[in-house]
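Q: I'm new to this structure and would like a close look at one part of it. Could you walk me through a single helix and then show me how it sits in the whole?

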Amino acid sequence: MTSVEKPPRALLAGASRRWVRLLPWGVAFVLGVALLPTTIQVLTADYGLNGGVASALAVAQAAPLLLAVVHPLRAWCVIFAADVAGALALLTVDFEERLLWPFPPMEIVGYLGLCLALGLRERRRTLLLVWLATAGANTGLGFVAPHGTSAMELLLTILSGVALLLAAALRERYEAQRRLAEQETISEAERGRRTLLEERARIARELHDVVAHHMSVITVQADTAEYRLDGLPADVREEFTSIAATARESLGEMRRLLGVLRNEEARGELAPQPGLARIGQLVEATARAGMTVEFTPCDAAVPEAVGLSAYRIVQEALANVVRHAPGAPAQVSVSESADDEGGARLTVLVVNGPPPEPPAAPLEEGGTGHGLVGMRERVRLVGGTLDAGPLPDGGFRVAARLPFTERNLT
């Protein structure tokens with residue numbers, strides 16, 4: 001299977017602004033329109049060249065400038081050959097010594113525009129070969145100069161080298177900036193992806209601690225049922241034994257799965273996972289750090305996974321207030337309500353106002369949004385919704401709705 005080569009793009013075709021993309025075409029058109037009649041006039045009137053020959057040379061030297069916008073190297077081959085042919089043709093006529101040779105001024109202007117196009121497209125090695133060919137032709141023609149050699153005959157060699165070098169430097173600078181921007185975009189995407197994976201691993205560990213507790217209780221109850229309950233039939237004792245074995249197997253599978261998600265540096269969290277009852281302590285600790293926080297608690301009985309998600313959402317939201325709006329007042333509210341389908345849900349609301357005037361400098365100038373990634377992952381875990389965004393007065397609002405009835409969670 002052969003790969004299809006993509007057609008070359010015009011110079012500056014990747015620019016974001018339309019006028020920049022059209023600039024090479026405009027410059028090439030203006031040069032072509034201006035140089036074509038000028039070259040014919042100068043070669044015939046000043047140098048005394050035949051009109052037909054002058055017209056053919058003018059077309060070969062000016063028309064390929066439009067081609068240079070897409071294929072600068074091909075255009076150079078045509079124009080370079082035409083310029084050398086023109087210099088040789090001028091040897092057949094007797095022109096004044098004051099006139100520039102081997103390359104008249106209008107040819108130099110067109111050639112410099114061509115060198116700029118080459119520098120914006122071709123590699124360094126190609127540009128070096130182009131300049132060496134130009135210098136070699138310029139030097140070689142100097143040996144047959146009709147009026148002797150002079151420093152002006154090397155003008156094209158010098159100016160073409162400057163044009164090639166300048167355009168190449170601009171192109172390499174643009175390429176470096178483009179690669180840097182792409183790398184920054186990739187790095188930011190990788191940071192977001194890593195944050196998401198770390199948050200998922202953390203959720204997995206916390207869920208393990210939550211679910212493992214209940215599974216352990218089931219195992220103990222099933223194992224001790226025959227000792228706690230008198231007169232159990234043999235088939236019932238076998239059923240309890242099977243339940244205990246299944247629970248232990250499930251715990252083992254969960255621990256193996258957690259081992260895949262946990263990185264080498266992670267350690268199991270032996271302390272009980274926080275829930276709704278710990279949100280008040282979290283608010284108090286934030287208030288001791290100098291913030292004004294109003295808290296409306298809720299004593300609803302919710303599953304541990306929902307309580308843990310609510311705690312982590314409040315924790316991250318208050319941390320964002322401290323980092324990005326130090327000194328701003330905040331309100332934390334946790335309440336139980338009914339959803340549209342008649343089920344129960346927990347609503348977690350964290351709202352902060354704008355920083356006090358004059359605004360204090362934030363501890364972190366720019367946010368990456370990675371904290372919101374973790375919040376959304378936790379809300380999605382329990383089938384809830386998250387609404388987070390800035391307020392018109394300069395504050396910020398985080399609202400999470402977490403269903404916790406049996407029908408909501410299934």
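Which residue caps the N-terminal end of H2?

A: That's Asn 50: one of its side-chain oxygens lies 2.9 Å from the backbone nitrogen of Gly 52. (A polar contact is a pair of N or O atoms within 3.5 Å; within protein, one must be able to donate a hydrogen and the other to accept it, and residues adjacent in sequence count only if both atoms are side-chain atoms.)

Before going on, a word on the model: it is predicted, so local features need pLDDT of at least 70 and side-chain atom pairs count only at pLDDT 80 or more, while totals for chains, interfaces and linings use all residues. Residues are numbered from 1 along each chain as its sequence is written, and side-chain values use heavy atoms, with hydrogens and water left out.

Now for H2 itself. Helix H2 covers residues 51–62; helices here are DSSP runs of H or I with at least four residues, strands are runs of E with at least two, and both are numbered from the N terminus. H2 has 12 residues and reaches 16 Å from its first C-alpha to its last, close to the 16 Å expected at 1.5 Å a residue. (That expected span is 1.5 Å times one less than the number of residues.)

Which parts are tucked away? In H2, Ala 54, Leu 57, Ala 58, Gln 61 and Ala 62 are buried, where buried means under 20% relative accessible area, exposed over 50%, and partly exposed in between, with a 1.4 Å probe and protein chains only. Looking down the axis of H2, these buried residues fall within an arc of 110°, so they line one face of the helix. (The arc is that of the directions from the helix axis to the C-beta atoms.) They pack against helices H1 (18–46), H3 (64–67), H4 (72–90) and H5 (105–121), with contact meaning heavy atoms within 4.5 Å.

Another helix, H9 (residues 276–288), makes a nice companion. Its buried residues are Leu 276, Ile 279, Gly 280, Leu 282, Val 283 and Thr 286. Their arc around the axis is only 160°, which puts them on the same side of H9. Ala 277 and Arg 288, on the other side of H9, are exposed. The buried residues of H9 pack against S1, H10, S2 and strand S3 (344–352).

And the whole? The chain has 12 helices and 5 strands, and 37% of its 410 residues count as buried.
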